[in-house]
Amino acid sequence: MGLFADFGKARDELEEKVEERTKELSQTYKKLAVAFESLKSTQDQLVESEKMAALGNLVAGVAHEINTPLGIAVTGASNLEHSAQLIKKAVESGKIRRTAFVNQCNSLIGSSDIILRNLERASELLRNFQRIAVDQSNDEKRTINFFKYLNDIISTLSSRVSEKNIKIFLSGDETLPLLTSPGTIAQIVTILIDNALTHAFKEIINGQIKISFKVQNEMLMLTVQDNGCGIEVGKIEKVFEPFYTTQRQKGSGLGLSILYNLVTQSLNGKVTCFSTVDESTQFVIALPLD
Ligand SMILES: Nc1ncnc2c1ncn2[C@@H]1O[C@H](COP(=O)(O)OP(=O)(O)OP(=O)(O)O)[C@@H](O)[C@H]1O
Ligand SMILES: [Mg+2]
């Protein structure tokens, strides 16, 4: 009898404990679910803020880039005015000779030509910029000429590139149409070029970034390679981790982790990094063709 009573008591206690633990577990689970949701939304916010930063970089780069042709056009216009004044005076005084007149006219034509070419360059830059900026805010799939699109992205970054005396080379099929999310492509390429400019070329004189693409086994292979300082063996695996950076003061360490998410999740592709110290760093991105 005593044994059964003990047994019953023990069972009740056990049931109580199980119930208690189940409650605790379910509360822990609820807390975890809340924490997970908040982590996810923090991650979304980070991706959003990185997008905004990329857009900010784009704006700064384009403003800088447009300044050059506009400055040249302004100088051209002031030369044009000067030459026109000279001709006017000479004609008014009736002293101008035919050859001098023709020379002055040639100088007018030369200045007009400079102005036109530089204004066209500025307006082309603006067009590229508009396209890419729109793509970054609304990233629906559409068919692009991949070569031309990459060229447009490169041109929005060219002020920073030329400032550092670095050359960018693009190679691939110039006629290839590609159905993709252009804004995502722009973000990916911008992150890689930005990284090469920031990390690769500290003491490199003849800095080069080579961007190439080809279709292979129904995949689009996009490669971005620089001939910079490279990444040490043990650190290559870390570069895609969020917050991994060797430039704590300047970088957040999010660039390549965002790139990883864009390639694997938005575009269903793969990305691999190869690097040799003091030689080169190469990112290879494989994207399925739809
Ligand atoms: N082309 C490269 N050459 C050498 N090192 C590189 C190159 N690209 C990336 N790295 C290394 O990988 C690290 C991580 O890059 P990631 O873009 O994720 O962050 P970050 O550039 O440091 O900061 P952020 O992009 O947030 O401004 C860099 O800090 C750098 O050490
Ligand atoms: Mg970066």
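Okay, let's start with a definition: a residue is called buried under 20% relative accessible area, exposed over 50%, and partly exposed in between. Keep that in mind, and keep in mind too that what you see up there is a predicted model.

So, Arg-142. Which class does Arg-142 fall into, going by its relative accessibility? The value is 31%, so Arg-142 counts as partly exposed. Arg-142 belongs to strand S1, which covers residues 142–145. If you look across from there, you'll find Leu-178: the two are 36 residues apart in sequence, and their C-alpha atoms are 7.9 Å apart in space.

Let's run that cut-off on two other residues, both in loops. First up is Asn-165, in the loop between helix H3 (146–163) and strand S2 (167–171). With a relative accessible area of 59%, Asn-165 is exposed, because exposed means over 50%. Have a look at its backbone as well: the phi of Asn-165 is near 60 degrees, so we have a positive value in a residue other than glycine.

Then there's Asp-278, over in the loop between strand S6 (270–276) and strand S7 (280–288). Asp-278 has a relative accessible area of 65%, so Asp-278 goes down as exposed. And here's another positive phi: about 65 degrees for Asp-278, which is not a glycine.

Right, on to the ligand. Where does ligand 1 sit? The space that ligand 1 takes up is the largest pocket. How many residues surround ligand 1? There are 18, and the closest are His-199, Asp-226, Thr-245, Thr-246 and Ser-252. By type, that shell splits into seven nonpolar residues, 10 polar ones and one charged one.

As for where the shell comes from, helix H4 (182–200) and helix H6 (255–266) each give at least two residues. H4 has the largest share, with four residues.

Now for the polar contacts, which I guess is the part you'll want to zoom in on. On the side-chain front, an oxygen atom of ligand 1 is 2.5 Å from an N or O atom in the side chain of Thr-246. A nitrogen atom of ligand 1 lies 2.8 Å from an N or O atom in the side chain of Asp-226. On the backbone front, we've got Gly-255, with a polar backbone atom 3.4 Å from an oxygen atom of ligand 1. As for cover, ligand 1 has 600 Å² of accessible area on its own, and the protein covers 91% of that.

Note on methods. Residues are numbered from 1 along each chain as its sequence is written. Chains are lettered from A and ligands numbered from 1 in the order in which they are written. This is a predicted model: local features need pLDDT of at least 70, side-chain atom pairs count only at pLDDT 80 or more; totals for chains, interfaces and linings use all residues. Side-chain values use heavy atoms; hydrogens and water are left out. A residue is near a molecule or strand if one of its heavy atoms lies within 4 Å of it. A polar contact is a pair of N or O atoms within 3.5 Å; within protein, one must be able to donate a hydrogen and the other to accept it, and residues adjacent in sequence count only if both atoms are side-chain atoms. Accessible areas come from the Shrake-Rupley method with a 1.4 Å probe; for residues, only the protein chains shown count as cover. On a 1 Å grid over the protein atoms alone, a cavity is a set of points where a 1.4 Å probe fits but cannot get out, and a pocket is an open set with protein on both sides within 12 Å along at least five of seven lines; lining residues have an atom within 4 Å of a point. A molecule sits in a cavity or pocket if more than half of its atoms lie within 2 Å of its grid points. Ala, Val, Leu, Ile, Met, Phe, Trp, Tyr, Cys and Pro count as nonpolar, Asp, Glu, Lys and Arg as charged, and the others, Gly among them, as polar. Buried means under 20% relative accessible area, exposed over 50%, partly exposed in between (1.4 Å probe, protein chains only).
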